[in-house]
Amino acid sequence: MRTPLKRLLFYLALAALGSTGSVFAAEGGESAAPADWKVTAIERQPVVEGAVEYRRYSLDGKGSATGTKVQLALFSNKKATLRVFDQPDSNRSLAETMKERNALAGVNGGYFDPEGKPVGLLRSEGKTIAPFRRARLLSGVLAVGQGTVEIFRASEFPAKRDWREALQCGPFLLDRGKPVAGLNDTRSARRTFVLTTTDRRTAIGSCAPVTLAGLARVLAALPELKVARALNLDGGSSSAFWCRTSEETFSVTEMKTVRDFLAVVPRTDR
């Protein structure tokens with residue numbers, strides 16, 4: 001049975017927030033004091049198969065008592081790309097799926113309703129699994145074509161292009177390297193995201209509990225990345241991250257079954 005639209009949008013708002021409340025800051029309302037984030041340490045692990053570099057950033061912020069940590073799997077679009085792995089009838093975890101598919105890194109994907117059906121555009125291996133939706137929360141689309149990984153605002157997404165993979169999610173976090181205005185800054189939760197840079201690199205990643213506005217500020221504060229755009233993925237209990245390096249494997253385990261994953265794989269079309 002199809003989930004009613006109003007109920008679905010309410011459910012999505014809770015999922016994006018990771019708790020109760022509004023995904024977007026209320027007009028005229030008060031929000032938590034923003035932290036002025038500063039990177040205090042960067043750990044790098046050797047590149048995997050010449051394609052992916054693992055990074056872990058530790059950050060402290062004015063107004064934050066505990067700081068936060070961000071993990072990234074960073075790659076050049078010349079050497080690797082993203083794939084959407086849909087698993088409608090599977091209870092396999094992110095780690096199990098990435099190992100089974102021989103992926104280099106992975107993260108949980110987009111939103112899904114209480115019946116496990118994807119919400120928003122979902123396209124895998126050239127096949128559309130779920131249609132594009134117009135909703136304030138679903139404000140961005142990750143799209144993968146031959147040799148390209150791009151993040152679009154939903155309003156500008158060129159749907160007629162032949163995309164191999166696509167995932168609609170949100171909210172938008174960064175645009176032109178700047179945090180998007182109006183994001184909720186009162187509720188913290190585990191977060192996952194995808195970003196693109198001005199020098200044709202892409203990263204998937206996870207962040208320790210922060211607000212949506214906090215995550216945007218954290219990503220804007222990361223040195224050397226030159227972030228162009230960043231998009232929030234399904235967070236909270238869905239948050240999962242996995243990356244293998246030549247030395248070890250890093251993993252954040254999801255707390256519930258997730259419908260789809262984003263995986264980093266070597267490019268085979270060069």
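Which residue in strand 17 is the bridge partner of cysteine 243? Phenylalanine 250 is, and the close-ups below, taken from a predicted model, start there.

**View 1. Strands 16 and 17 make a hairpin.** Four residues sit between the two strands. Strand 16 covers residues 241-244, and its antiparallel pairing with strand 17 runs over four bridges. Look along strand 17 and you'll see the side chains take turns: Phe250 and Val252 point to one face and are buried, while Thr249 and Ser251 point to the other face and are not buried.

**View 2. Tyrosine 54 stacks on phenylalanine 250.** The structure holds six aromatic pairs, and here's one of them: the ring centres are 3.8 Å apart, with 5 degrees between the planes. Tyrosine 54 belongs to strand 2 (residues 52-62) and phenylalanine 250 to strand 17 (residues 249-252), so this pair ties together parts 196 residues apart in sequence. Both tyrosine 54 and phenylalanine 250 are buried.

**View 3. Phenylalanine 132 and phenylalanine 157 stack, loop to loop.** Their ring centres lie 6.4 Å apart and their planes meet at 10 degrees; planes under 30 degrees apart count as stacked, so this pair qualifies. Phenylalanine 132 comes from the loop between strand 7 (127-130) and strand 8 (140-145), and phenylalanine 157 from the loop between strand 9 (148-153) and strand 10 (165-169). That puts the two partners 25 residues apart. As for burial, phenylalanine 132 is partly exposed at 30% relative accessibility, whereas phenylalanine 157 is buried, with a relative accessible area of 13%. Widen the frame and ring pairs link Phe132, Phe152, Phe157 and Trp163 into a cluster.

**View 4. Two arginines sit over phenylalanine rings.** Arginine 101 places its charged end over the ring of phenylalanine 85, 4.1 Å from the ring centre. Over the face of phenylalanine 172 you'll find arginine 153, at 4.5 Å from the centre of that ring.

**View 5. Five antiparallel strands form an open sheet.** Read across, the order is 7-6-10-8-9. Strand 7 and strand 9 are the edges, each pairing on one side only. From one strand to the next, the twist averages 20 degrees. Zoom in on strand 6 (residues 122-124) and strand 10: their antiparallel pairing spans two bridges. Leucine 122 has leucine 167, in strand 10, as its bridge partner.

Key: Residues are numbered from 1 along each chain as its sequence is written. This is a predicted model: local features need pLDDT of at least 70, side-chain atom pairs count only at pLDDT 80 or more; totals for chains, interfaces and linings use all residues. Side-chain values use heavy atoms; hydrogens and water are left out. Rings of Phe, Tyr and Trp (its six-membered ring) pair if their centres lie within 6.5 Å; planes under 30 degrees apart count as stacked, over 60 as edge-to-face and the rest as tilted. Buried means under 20% relative accessible area, exposed over 50%, partly exposed in between (1.4 Å probe, protein chains only). A charge sits over a ring if NZ of Lys or CZ of Arg is within 6 Å of the ring centre and within 35 degrees of the ring normal. Two strands pair if DSSP finds at least two bridges between them. Axes are lines fitted to C-alpha atoms, for helices over the stretch in contact, and angles run from 0 to 180 degrees between N-to-C directions.
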